[in-house]
Amino acid sequence: MTKIIKKIGVLTSGGDAPGMNAAIRSVVRTCAYHDIECVGIYRGYQGMIEGDFKEMGPRSVNNIVNKGGTILKSARSKDFITPEGRQKAHQNLIDAGINALVVIGGDGTFTGAEIFNHEFGYPVMGIPGTIDNDIFGTTHTLGFDTALNTVVEAIDKIRDTASSHNRLFFVEVMGRDAGHIALNAGIGAGAEEILIPEENLGLERLLESLQRSKASGKSSSIVVVSEGDKIGKNVFELKEYVEENLPEYDVRVSVLGHMQRGGAPSCFDRVLASRLGVKAVESLLEGKSNYMVGLQQDRVVLTPLEQAIKGSSRIDEELLRVSEIMTT
Ligand code: F6P
C-alpha cells in the first residue's frame, strides 16, 4: 500500500550546477501548494547522516531563482557509501517525520538514492542537475545550458586575443566523461577543432587538421578540448606536441575550470528547474518512486533511476556531423 506523504526532504549532492536553487524553490513551493511540509537537507547525504535539516516554507526560497550554486550546499559523502551511514540517515529521516526524498544531482547522487530505496523501501525521486549533461533519460540536465553560455562567452573573448596575435588556443572545458559541453560550445563559438572523450581524433589527424586550417587562410585557431578527452594528452601536453611538430604555430592554453559551474542560471535552466521540481513532488504524491524526472521532446517524463544511472547519454551524431562541416 502507498504510504501517505506528509513531509518531503530535498537535497543537492555532487558537483553543483546553476539551476539547483531554482529546483529547490520549485520543490518547496510545490509542497506548499499541496499543503505538505518540506525540509531542506544540508550538504547532501552527509547532512542526512548528521541530521542537518531545516524546515522550509515558500518564503524561505525567496530571491533564489536567479542565484547560481545551491543554498542547501553540496558534498560527496563517503559515509553514505557504508550501510551504517545509510542506516543512520534513514533513522534521522524517520525521526524528523520525513516520508520521501527529492535528490538533485548527477549519477552518483542517483546511485545513492537508488540503494537507499532498495534497502529501506524509501520513496525517492531524482532531478538531474549537472553541467555535464551526461544523464540518460533527459535531453537537458540543470546547469548545462547556463554552462554552455558561460563557455561560449569565454571563448568569444579568447578569440579576440587569439586573432590579434595570430595564435592557436587550446581551451579546456569541463566534462569528465562526456563531451556535450565541448561539442555544443565548440559549435556555438566556432571552434576549428573539438576534442571529446567519445571520439579519438588522434594526434596525427589533429596536426593535419591544423595544417589544413592554416593553408586555407585561417590566421588564428581555437581548439576546444573536453577534460575527459581520450587523445591521451592534457591541454599542456597538446600545446607542446603542436609546438614541436608545427613550429609555425604560436600556441597558448586556457583552462576554464570551475567558473563553468557558477553564475546566474539561464532562463532555460530556471524554467526547466521549475518544471522538474513540480513533477518530482507531484509524482511522489501520486505514489511513484525510484524515478528521475527529465525532459524529452519538451515534455517532462519519468525514467526509472536504474536506467538513468546505467544508460549512456549518447553524443548526438547529427551535431558531430554539423561540427565537422563547420570546421571546414
Ligand atoms: O560532474 C561535474 C563536473 O563539473 C565535471 O565536469 C568535473 O570533472 C567535476 O565536476 C569536477 O569536480 P570537483 O568539483 O570535485 O573538482
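Which residue does the UniProt annotation "binding site" cover? In this predicted model, the answer from the unreviewed entry is Asp107. Asp107 sits in helix α4, a run that spans residues 107–120. Is Asp107 buried, exposed or something in between? With a relative accessible area of 38%, Asp107 counts as partly exposed, because that value falls between the 20% and 50% cut-offs. Leaving out residues up to four places away in sequence, Asp107 touches Ile135 and Ile309.

A second aspartate also carries a label from the record. The unreviewed UniProt entry gives the annotation "active site" to Asp132, which is placed in the loop between β5 (124–128) and α5 (144–164). Asp132 has a relative accessible area of 11%, so it is buried; the cut-off for that word is under 20%. Once residues up to four places away in sequence are set aside, the contacts of Asp132 are Met174, Gly175, Arg176, Ala178, His180 and Ile181.

Now for the sheets. One open sheet has seven strands, lined up as β3-β2-β1-β4-β5-β10-β11, and its pairing is mixed. At its edges stand β3 (53–56) and β11 (299–304); each has a single partner strand, so one side of each is left without a neighbour in the sheet. From one strand to the next, the twist averages 30°. Helix α1 (residues 20–33) packs on this sheet, where it touches β1 (7–12), β2 (37–41), β3, β4 (100–105) and β5. The direction of α1 makes about 160° with that of β4. Towards the other end of the strand order, β10 (residues 291–296) and β11 run antiparallel and are joined by six bridges. Within this pairing, Gln296 stands opposite Arg299 in β11.

Another open sheet is built from four strands in the order β7-β8-β6-β9, and here the pairing is parallel. Its edge strands are β7 (193–195) and β9 (251–255), each of which pairs on one side only. Neighbouring strands in this sheet are turned by 20° against each other on average, direction ignored. Six bridges connect β6 (residues 168–173) with β8 (residues 221–226), and these two strands run parallel. As for individual partners, Phe170 stands opposite Val223 in β8. Helix α7 (residues 203–215) lies across β6, β7 and β8, and runs at about 165° to β7.

What about the inside? In soluble globular proteins, nonpolar side chains tend to be buried together. Here, the largest nonpolar core has 59 residues, and the members that touch the most other members are Ile8, Val102, Ile104, Ile127 and Ile222. Helix α5 gives the most to this core, with eight residues. The core takes at least three residues from each of two domains: domain 1 (7–143 + 265–310) and domain 2 (144–260).

Ile127 makes a handy example of a core member with plenty to list. Not counting residues up to four places away in sequence, Ile127 touches Val27, Val102, Val103, Ile104, Gly105, Phe110, Leu142, Leu276, Gly277, Ala280 and Val293. There is also a second, separate core of 21 residues, which includes Leu11, Ile41, Tyr45 and Tyr122.

Note on methods: Residues are numbered from 1 along each chain as its sequence is written. This is a predicted model: local features need pLDDT of at least 70, side-chain atom pairs count only at pLDDT 80 or more; totals for chains, interfaces and linings use all residues. Side-chain values use heavy atoms; hydrogens and water are left out. UniProt positions are given in the numbering used here, feature names are shortened, and annotations may be inferred rather than shown by experiment. Buried means under 20% relative accessible area, exposed over 50%, partly exposed in between (1.4 Å probe, protein chains only). Contact means heavy atoms within 4.5 Å. Two strands pair if DSSP finds at least two bridges between them. Axes are lines fitted to C-alpha atoms, for helices over the stretch in contact, and angles run from 0 to 180 degrees between N-to-C directions. A nonpolar core is a set of buried Ala, Val, Leu, Ile, Met, Phe, Trp, Tyr and Cys residues joined through side-chain atoms within 4.5 Å. Domain bounds come from an automatic or database domain assignment.
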